[in-house]
Amino acid sequence: MEYTDIDWMNYALNLAAKAEAQGEVPVGAVVVYQGEVVGEGWNQTITLNDATAHAEVLALREAGKKIGNYRLLDTTLYVTLEPCSMCAGAMVHARVKRLVFGASDLKTGAAGSVFNIVNCEQLNHKVEIEAGVLAESCADTISRFFRKRREQHKLRKKQQSSDLPSDAD
């Protein structure tokens with residue numbers, strides 16, 4: 001059976017759910033080579049106390065180990081959120097052939113939104129980009145997570161203020 005970009009993005013969304021279950025920003029990534037998963041990852045920066053533990057970097061690391069080479073020629077990386085500059089740079093260094101992402105990141109996106117590192121003229125490798133695959137589902141996953149986080153933060157602040165002694169005491 002041959003899988004489509006939508007199938008692989010759904011796979012990445014399932015990985016994003018693992019991140020969310022750990023209290024991490026729900027981003028999932030999968031590296032595919034010749035129709036097979038060779039690497040997968042989900043955000044684990046908090047869990048691992050590692051600023052580089054983004055979904056894409058973890059997926060690229062696993063793929064390199066499985067393939068036995070840091071050069072990931074002819075691979076496609078699927079990720080639910082447009083990569084940041086660190087992850088985009090890692091894809092260029094790994095020689096990823098194709099990047100498929102869901103939601104654009106208008107604050108830190110480095111595959112066309114804020115920067116375009118994966119297609120920078122000065123670099124020696126360019127990555128093909130397919131943007132917007134299941135964009136709405138990917139964006140909703142992130143939006144729900146941050147909405148819930150803001151609500152929890154407001155609730156904590158409210159509880160803390162009600163725990164303070166009043167002037168009447």
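**Exercise 1. Place D74 and look at its backbone.**

Start with the position: D74 sits in the loop between α3 and β3. Those labels follow a simple rule: helices (H or I, at least four residues) and strands (E, at least two) are DSSP runs, numbered from the N terminus. Next, check the backbone angle: phi of D74 is positive, near 65 degrees, in a residue other than glycine.

Before going on, keep in mind that this is a predicted model, where local features need pLDDT of at least 70 and side-chain atom pairs count only at pLDDT 80 or more, while totals for chains, interfaces and linings use all residues. Residues are numbered from 1 along each chain as its sequence is written, and side-chain values use heavy atoms, with hydrogens and water left out.

**Exercise 2. Find out where N49 lies and whether N49 is buried or exposed.**

First, the place: N49 belongs to the loop between α2 (45–48) and α3. Second, the angle: N49 is not a glycine, yet its phi is positive, about 50 degrees. Third, the cover: N49 counts as exposed because its relative accessible area is 73%. The cut-offs are under 20% relative accessible area for buried and over 50% for exposed, with partly exposed in between (1.4 Å probe, protein chains only).

**Exercise 3. Sketch the whole chain.**

Count the elements to begin: there are 5 helices and 5 strands. Then read them off from the N terminus, and you get α-β-β-α-α-β-α-β-β-α. For the extent, the C-alpha trace spans about 70 × 40 × 30 Å along its principal axes. Of the 169 residues, 40% are buried.

Now turn to contacts, meaning heavy atoms within 4.5 Å. Among the chain's contacts with a separation of 6 or more, 55% are between residues 24 or more positions apart.

**Exercise 4. Which side chains meet in a salt bridge?**

Take the rule first: a salt bridge needs a side-chain nitrogen of Lys or Arg within 4 Å of a carboxyl oxygen of Asp or Glu. Applying that rule gives a count of 1 salt bridge. The partners are D5 and R98, whose side chains come together at 2.6 Å, N to O. This pair links distant parts of the chain: D5 is in helix α1 (residues 5–21) and R98 is in strand β4, 93 residues apart.

**Exercise 5. Describe two buried acids, D105 and E56.**

Let's do D105 first. Its place is the loop between β4 (98–103) and β5 (128–131). D105 is buried but has no salt bridge, and the nearest side chain of opposite charge, K107, is 7.2 Å away. For charge, Lys and Arg count as positive and Asp and Glu as negative, while His and the chain ends are not counted. What D105 does have is a side-chain polar contact with the side chain of T108, at 2.7 Å. A polar contact is a pair of N or O atoms within 3.5 Å; within protein, one must be able to donate a hydrogen and the other to accept it, and residues adjacent in sequence count only if both atoms are side-chain atoms. Leaving out residues up to four places away in sequence, D105 touches L81, E82, S113 and V114.

Now E56, which is in helix α3. E56 is also buried without a salt bridge, and R61, the nearest side chain of opposite charge, is 11 Å away. Beyond four places in sequence, the residues E56 touches include L77, V79, C87 and M91.

**Exercise 6. What do the buried residues of α4 pack against?**

List them: in helix α4 (residues 85–94), the buried residues are C87, A88, G89, M91, V92 and A94. They pack against α3, β3 (75–81) and β4. One residue of helix α3 (residues 55–67) is V57, which counts as buried because its relative accessibility is 11%. Not counting residues up to four places away in sequence, V57 touches T52, M86 and C87. To finish, look past the end of α4: R95 follows, and its phi is positive, near 65 degrees.

**Exercise 7. Work out the surroundings of Y70.**

Y70 lies in the loop between α3 and β3. Y70 is exposed because its relative accessible area is 54%. Setting aside neighbours within four places in sequence, Y70 is in contact with H93 and A94. Its side chain also joins that of R71 in a polar contact of 3.1 Å. Finally, compare with Q152: Y70 and Q152 are 82 residues apart in sequence and 41 Å apart in space, C-alpha to C-alpha.
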